[in-house]
Amino acid sequence: MIRLKNEKQIDGIRTSCRMLSAMYRELIPLVKAGVETIEIDRWTRDWIKKAGGKPAFLGYGNKSNPFPAAICISINEEVIHGIPAKRKIAGGDLVSLDCGINLGGFISDQALTLEIGKVSAEARRLNRATRECLNRGIAAARAGDRLLMIARAVSGYAQEEGFGVVRDFCGHGVGFDIHEDPSVPNYPHGPNPRMGRGLVIAIEPMINLGTGDVEILEDGWTVVTADGRLSSHWEHTVAVFPDHTEMLTEALEI
Ligand code: MG
Ligand code: MG
């Protein structure tokens, strides 16, 4: 069931989203070659705590294997849900960061993919195209239109550029929980409700250099490309109003 949000609730979600984008603004310059991904997680937990929020992803999932970190860090062929560890970031990596904050019960969700040092031309092209997929997806989120317009915008551009679209994972409703209805796929399939006033969704294209097929590693979380080629991931939380759609998380200068 889709839970539409009223103006006051959107205010709360917006505040959570602004906090998350503020965190990223401080974090991005710290994500460099030589840094262990676990250090980024530690920094993220501290920042959120000091700001008065709670890391929304920490402990998420089923009880036997909850997500063990505040931030997902997915490198190169890792698509999403990478677990911070002792691994060091290296020059030439594509590093996706995905984080959410629970601020007084209001949940935000934002992801971006950083190019560390000098990346390959194809990595840069993939990353720029994925960011453009997100922009096109947001532009297609309009009150009165059907949800799969977003999927058509994202997959249409990705395919034009010759990239693979991940189908097994989707965007989602967000705001009261990390994952709410509706699913917001990047490829047109499944339910296609009309988007209405008060819809708050995370739009998050996951685009691969090669095939869109993915696999999950034995840790039960890390999603990787089936062919081992690069992946990129960008995400904003947006709110649909009758006459416009607002990005609640903020665009970051990278
Ligand atoms: Mg996310
Ligand atoms: Mg999300």
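This note goes through a predicted model point by point, from its metal ions to its sheet, one helix and its cysteines.

1. Magnesium ion (ligand 1). The protein donors here come from Asp98, Asp109 and Glu235. Asp98 is listed twice, each time through an OD atom, while Asp109 gives an OD atom and Glu235 an OE atom. These donors lie 2.0 to 2.6 Å from the ion. Along the chain their spacing reads D-x10-D-x125-E. Asp98 belongs to strand β4 (residues 94-99), and Asp109 sits in the loop between β6 (106-107) and β7 (110-115), so the pair ties together parts that are eleven residues apart in sequence. Both Asp98 and Asp109 are buried.

2. Magnesium ion (ligand 2). This ion is coordinated by Asp109 (OD), His172 (NE2), Glu204 (OE) and Glu235 (OE), at 2.1 to 2.2 Å. The spacing of the donor residues in sequence is D-x62-H-x31-E-x30-E. Asp109 is in the loop between β6 and β7, and Glu204 is in the loop between β11 and β12 (206-208), so this pair ties together parts that are 95 residues apart in sequence. Asp109 has a relative accessibility of 3% and therefore counts as buried. Glu204 counts as buried too, because its relative accessibility is 5%.

3. The link between the two ions. Which residue bridges the magnesium ion (ligand 1) and the magnesium ion (ligand 2)? Asp109 does, and the two ions lie 3.1 Å apart. Glu235 also appears as a donor of ligand 1 and as a donor of ligand 2.

4. The five-stranded sheet. An open sheet is built from five strands in the order β10-β9-β11-β16-β17, with antiparallel pairing. At its edges are β10 (180-184) and β17 (245-247), each of which pairs on one side only. Neighbouring strands in the sheet are turned against each other by 25° on average, direction ignored.

5. Pairing around β11. Strand β9 (residues 171-173) pairs with strand β11 (residues 199-203) in the antiparallel sense, over two bridges. Gly173 has Ile201 in β11 as its bridge partner. β11 also pairs with β16, again in the antiparallel sense, over five bridges. In that pairing Ala202 stands opposite Thr237 in β16.

6. Strand β16 and its hairpin. How many of the residues of β16 (residues 236-240) are buried? Five of its five are. In a regular strand the side chains alternate between the two faces of the sheet. In β16 both faces are covered: His236, Val238 and Val240 are buried on one side, and Thr237 and Ala239 on the other. A hairpin of four residues joins β16 to β17. These two strands run antiparallel and are joined by three bridges, with Val238 opposite Met247 in β17.

7. Helix α1. This helix covers residues 7-27, which is 21 residues. At 1.5 Å a residue it should span 30 Å, and its end C-alpha atoms are 30 Å apart, so the expected and computed values agree. The N-terminal end of α1 is capped by Asn6, which has a side-chain oxygen 3.1 Å from the backbone nitrogen of Lys8. The buried residues of α1 include Ile10, Ile13, Cys17, Leu20, Met23 and Leu27. Arg14 and Tyr24 are also among them.

8. Cysteines. The disulfide count is zero, where a disulfide requires two cysteine sulfur atoms within 2.5 Å. Why does Cys17 form no bond with Cys99? Cys99 holds the closest cysteine sulfur, but that sulfur is 12 Å from the sulfur of Cys17, which is too far for a bond. Cys17 counts as buried because its relative accessibility is 0%. Cys72 is in no disulfide either, and the nearest cysteine sulfur, that of Cys99, is 8.1 Å away. With a relative accessible area of 3%, Cys72 is buried.

9. Ala111. This residue lies in strand β7. Is Ala111 buried or exposed? Its relative accessible area is 1%, so Ala111 is buried. Arg25 is 86 residues from Ala111 along the chain, and the C-alpha atoms of the two are separated by 12 Å.

How values were computed:
Residues numbered from 1 in each chain as written. Chains lettered and ligands numbered in written order. Predicted model: local features only at pLDDT ≥ 70, side-chain atom pairs only at ≥ 80, totals over all residues. Heavy atoms only, no water. Donors = N, O, S within 2.8 Å, 3.2 Å for Na, K, Ca; no water. Buried < 20%, exposed > 50% of the residue type's maximum accessible area, 1.4 Å probe, protein only. Pairing = 2+ DSSP bridges. Axes fitted to C-alpha atoms, helices over the stretch in contact; angles between N-to-C directions. Expected span 1.5 Å × (residues − 1). Polar contact = N/O pair within 3.5 Å; in protein donor to acceptor, adjacent residues only side chain to side chain.
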